[in-house]
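User: I'd like to practise reading a structure feature by feature. Could we start with a single residue and work outwards?

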Amino acid sequence: MLKEELEIQELRAAVEALTAQLRREQKTHNEELRQFAYTVAHDLREPLRMVSSYSQLLERRFQAHLDDDGREFMHYILEAVQRMDRLLADLLTYSHQFRAGEQTLSEVDAEGALQGVLLNMEKAIRESGAEITHDPLPAVWFDFNQLSQLFRQLIANAITFHGTERPRIHISAIEGDDSITFSVRDEGIGIDPRYHEQIFEVFKRLHGRDYPGTGIGLAICKRIVEQRGGKISVLSEAGKGATFLFTLPK
């Protein structure tokens, strides 16, 4: 009996040592990946700004000498530069999430975070004519900036993919015994069930250039939620709106 107990203790110690080693390796890997993404995105934005500045200068200075084709080509250059800048900005945001798990959590007023997001998005909401409603939202043990980022990204997506009707978005939450599930529901163009997993991958875009975006926003949401032990998913069908759900532990 004593021998069996010793073997169990040795096995438990071995598992704990292996788990600790895996955590250290994962932390090292995440930091290396974060540094790589940050360096690439940060260093590329500077020459990109120079391309943008000189392109705008050329357009202003030689506007009278450009024919229709020239003006169209210049428009394509500036549009591509702006898109690349947005892409690098989102990549920077994504890289920051690899260290976000080290931040200290606190009790966050989810309703306060949502109100702050709606205030910051006032222009986009007004221009789109979006109608945004919400139920009373509970406090959650989380990070205020990350929760705000989740709301901002999911609301922005709902506004972007609203279809022919004006955006109608509703935010709610359900408290469980050990978790809280938030939902962001819209009445937009919806998502084919075949792509429900793919949309959370980095750079995954279902609609090409038909809609603006970089394909990183939902990947950022997934990273934020999962590093806190939560889960994010979507319920949707093509043409029938979408409900994004993210569950956070209490």
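Analyst: Sure. Let's begin with Arg168, which has a relative accessible area of 32% and is therefore partly exposed. Keep in mind that this is a predicted model.

User: How do I turn a percentage like that into a label?

Analyst: Use two cut-offs: under 20% is buried, over 50% is exposed, and partly exposed is what sits in between. Arg168, at 32%, falls in the middle class.

User: Okay, which residue does the side chain of Arg168 meet in a salt bridge?

Analyst: Glu131, with an N to O distance of 3.8 Å. The cut-off for a salt bridge is 4 Å, so that pair counts. Arg168 belongs to strand β4 and Glu131 to strand β2, so the bridge ties together parts 37 residues apart in sequence.

User: What else does Glu131 do, and how accessible is Glu131?

Analyst: Its relative accessibility is 34%, so Glu131 is partly exposed as well. Arg166 also forms a salt bridge with Glu131, and there the closest N and O atoms are 2.9 Å apart. This pair again links distant parts of the chain, 35 residues apart: Arg166 is in the loop between α5 (144-160) and β4 (168-175), while Glu131 is in β2 (residues 131-134). Arg166 is partly exposed too, at 41%.

User: How should I describe Glu131, Arg166 and Arg168 together?

Analyst: As a network: salt bridges link the three of them. The structure holds six salt bridges. Another one joins Lys240 and Glu237, whose closest N and O atoms are 3.5 Å apart. Lys240 is exposed at 62%, whereas Glu237 is partly exposed at 43%.

User: Back to the strands. In which sense do β2 and β4 pair, parallel or antiparallel?

Analyst: For strand pairing, look at the bridges and the direction. β2 and β4 are parallel, with four bridges between them. To find your place in that pairing, take Thr133, whose bridge partner in β4 is His170.

User: And how many bridges join β4 to β5?

Analyst: Seven, and here the strands run antiparallel, with β5 covering residues 179-186. Ile171 has Val184 as its bridge partner in β5. The connection from β4 to β5 is a hairpin of three residues.

User: Let's try a residue in the interior. Is Phe246 buried or exposed?

Analyst: Buried: its relative accessibility is 0%. Phe246 lies in strand β7 (residues 242-249). For a residue like this, list its contacts and skip the sequence neighbours. Leaving out residues up to four places away, Phe246 touches Leu147, Leu150, Phe151, Leu154, Ile180, Thr181, Phe182, Val225, Lys231 and Ile232. You can also compare separation in sequence with distance in space: Phe246 and Lys222 are 24 residues apart in the chain, and their C-alpha atoms are 8.8 Å apart.

User: Val225 is on that contact list. Which residues of helix α6 are buried?

Analyst: In α6 (residues 217-227), they are Gly217, Leu218, Ala219, Ile220, Cys221, Ile224 and Val225. Past the helix, check the backbone angles: Gly229 follows α6 and has a positive phi, near 85°.

User: Now the outside. Which residues make the nonpolar surface patch?

Analyst: Met50, Tyr54 and Leu57, which together form a patch of about 310 Å². Tyr54 sits in helix α1 (residues 2-61). With a relative accessible area of 52%, Tyr54 counts as exposed.

User: How do I sum up the whole chain?

Analyst: Start with the secondary structure: six helices and seven strands. Along the sequence they come in the order α-α-β-α-α-β-β-α-β-β-α-β-β. Then look at burial, where 34% of the 250 residues count as buried. For the surface, the accessible area is about 15,600 Å², and carbon and sulfur atoms make up 52% of that. Finally, check the range of the contacts: of those with a separation of 6 or more, 71% are between residues 24 or more positions apart.

How values were computed. Residues are numbered from 1 along each chain as its sequence is written. This is a predicted model: local features need pLDDT of at least 70, side-chain atom pairs count only at pLDDT 80 or more; totals for chains, interfaces and linings use all residues. Side-chain values use heavy atoms; hydrogens and water are left out. Patches are made of residues with over 30% relative accessible area and no salt bridge: like charges are joined within 9 Å, nonpolar side chains (Val, Leu, Ile, Met, Phe, Trp, Tyr) within 5 Å. Accessible areas come from the Shrake-Rupley method with a 1.4 Å probe; for residues, only the protein chains shown count as cover. Helices (H or I, at least four residues) and strands (E, at least two) are DSSP runs, numbered from the N terminus. Buried means under 20% relative accessible area, exposed over 50%, partly exposed in between (1.4 Å probe, protein chains only). Two strands pair if DSSP finds at least two bridges between them. Contact means heavy atoms within 4.5 Å.
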